[in-house]
Structure formats: structure tokens, C-alpha cells
Amino acid sequence: MTAPHTDVEQVEAANAAFYEALEQGDFEGVSSLWLTPSDLGVDEEYHDPADTGVVSCVHPGWPVLTGRGEVLRSYALIMANTDYIQFFLTDVHVSVTGDTALVTCTENILSGGPAPRAGEELGPLVGQLVVATNVFRRTPDGWKLWSHHASPVLAENDGGPDTDEDDDSPS
């Protein structure tokens, strides 16, 4: 068994690799970071990896996706329709218990779609704030994603409970 601080560092590295692969549009890299049936000792000869519900994913506003095939198709779709994406992770917390690790973080996302007109470089950039939970499982090949769940953070409303109504600063 490895030292606890080593486990945390390895999980942090796997989590960072996941977001880097997404930023680079590296589908093979993203795929390699998700659990496979063989990582769990399931004989792939008798179980279709696309039908084995060993992994799950929830993208903001999407239904729950289960099974490696369905999850990876969602990332292929996102990558095909996103010309630029960058993640600035904040509030990252890693907890490791045995062969399972939990990472919570805030994804500060900057993304852009296709150029609105031919010849232009990129469509307008859009910022989004998302909280995420990534569950990793230790495998012989390192830490792999078991589940990803991301939810949008709602913007604060003016006059809401967190607003200081006596604030004299300009808006």
C-alpha cells in the first residue's frame, strides 16, 4: 500500500490529466482515464464494455449517463462541438480511502464555439461556473475515473439573502 500523501498526489495528477485531455480535445487521453471492465476484473470477452454500467457521468443539464460507451460518446460529442475550452480549477479537495478517491472542485470554464462567419477565428467566449465531484478507483494502471458529476452554480440575484443591502459601493 502506498503512503497517503502519495495517493493524494497521484489522484491530483489523474484529475489534472483528465481536464488537460479535455482542453486539448484528446479523446484517446480522456478514454484512457476512465475505468474499463478489465480494470475491475470483468472479462471483456463476455461483457461488452459499452453495456457494462461500471462508470457514470452527469454533465450540467444532462441526464445520468451510465456505461463506458455512453459516457465516452458524450465526451466525443462535446469535443466535436467545442472549438475551445479551458478549465481553471479552484477549491480542489482530494480524499482517499483505500482504493477509492473523491475529488471535489469548482470548474471555472471558459469555452467558445465555432466562428459565426467563415474566416473568423472563434465564436464568442463564454464563462461558466460548475461544481464537480470526480470519483476515482485505483487500478493496476493507476487511478481511473469511476464517476463524474458536474452541476452549474447559479448566479447570485440582486437583493438575495447574501446581498448586503446597505452597501454604498457603485454597481
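Start with the whole protein chain, coloured by secondary structure: this predicted model has three helices and six strands. Read from the N terminus, the order of elements is α-α-β-β-α-β-β-β-β.

Keep the whole chain selected and switch on the surface. The accessible surface is about 10,200 Å², and carbon and sulfur atoms account for 52% of that area. Of the 171 residues in the chain, 33% are buried. If you display contacts with a separation of 6 or more, 50% of them join residues 24 or more positions apart.

Next, select α1 (4–24), α3 (68–80), β3 (84–97), β4 (100–112), β5 (125–139) and β6 (142–152). Each of these elements gives at least two residues to the lining of the largest pocket. The pocket holds about 500 Å³ of space. Its lining has 26 residues, and those closest to the pocket centre are His59, Ile78, Ile85, Phe87 and Ile109. Show these five as sticks to mark the centre.

Which element supplies the largest share of the pocket lining? Select α1, which contributes five residues. Colouring the lining by class gives 14 nonpolar, nine polar and three charged residues.

Now hide the pocket and turn to the largest nonpolar core, a set of 31 residues. Select Phe18, Leu22, Val30, Trp34, Tyr75 and Phe136, the members that touch the most other members. At least two residues of this core come from each of α1, α3, β3, β4, β5 and β6. The largest share is again that of α1, here with six residues. As a general point, nonpolar side chains in soluble globular proteins tend to be buried together.

From the core, centre the view on Phe136 and display its contacts, leaving out neighbours within four places in sequence. Which residues does Phe136 then touch? They fall along the sequence as follows:

- Val11, Ala14 and Asn15
- Asp99, Thr100, Ala101 and Val103
- Trp143, Lys144, Leu145 and Trp146

Finish at Pro124, in the loop between β4 and β5. Is Pro124 buried or exposed? Pro124 counts as exposed because its relative accessibility is 64%, and the cut-off for exposed is over 50%. To place Pro124 against another part of the chain, add Ser111 to the selection and draw a distance between the two C-alpha atoms: the separation is 8.3 Å, with the two residues 13 apart along the chain.

Note on methods
Residues are numbered from 1 along each chain as its sequence is written. This is a predicted model: local features need pLDDT of at least 70, side-chain atom pairs count only at pLDDT 80 or more; totals for chains, interfaces and linings use all residues. Side-chain values use heavy atoms; hydrogens and water are left out. Helices (H or I, at least four residues) and strands (E, at least two) are DSSP runs, numbered from the N terminus. Buried means under 20% relative accessible area, exposed over 50%, partly exposed in between (1.4 Å probe, protein chains only). Contact means heavy atoms within 4.5 Å. Accessible areas come from the Shrake-Rupley method with a 1.4 Å probe; for residues, only the protein chains shown count as cover. On a 1 Å grid over the protein atoms alone, a cavity is a set of points where a 1.4 Å probe fits but cannot get out, and a pocket is an open set with protein on both sides within 12 Å along at least five of seven lines; lining residues have an atom within 4 Å of a point. Grid points are joined across faces, edges and corners, and a volume is the space filled by probe spheres set on the points. Ala, Val, Leu, Ile, Met, Phe, Trp, Tyr, Cys and Pro count as nonpolar, Asp, Glu, Lys and Arg as charged, and the others, Gly among them, as polar. A nonpolar core is a set of buried Ala, Val, Leu, Ile, Met, Phe, Trp, Tyr and Cys residues joined through side-chain atoms within 4.5 Å.
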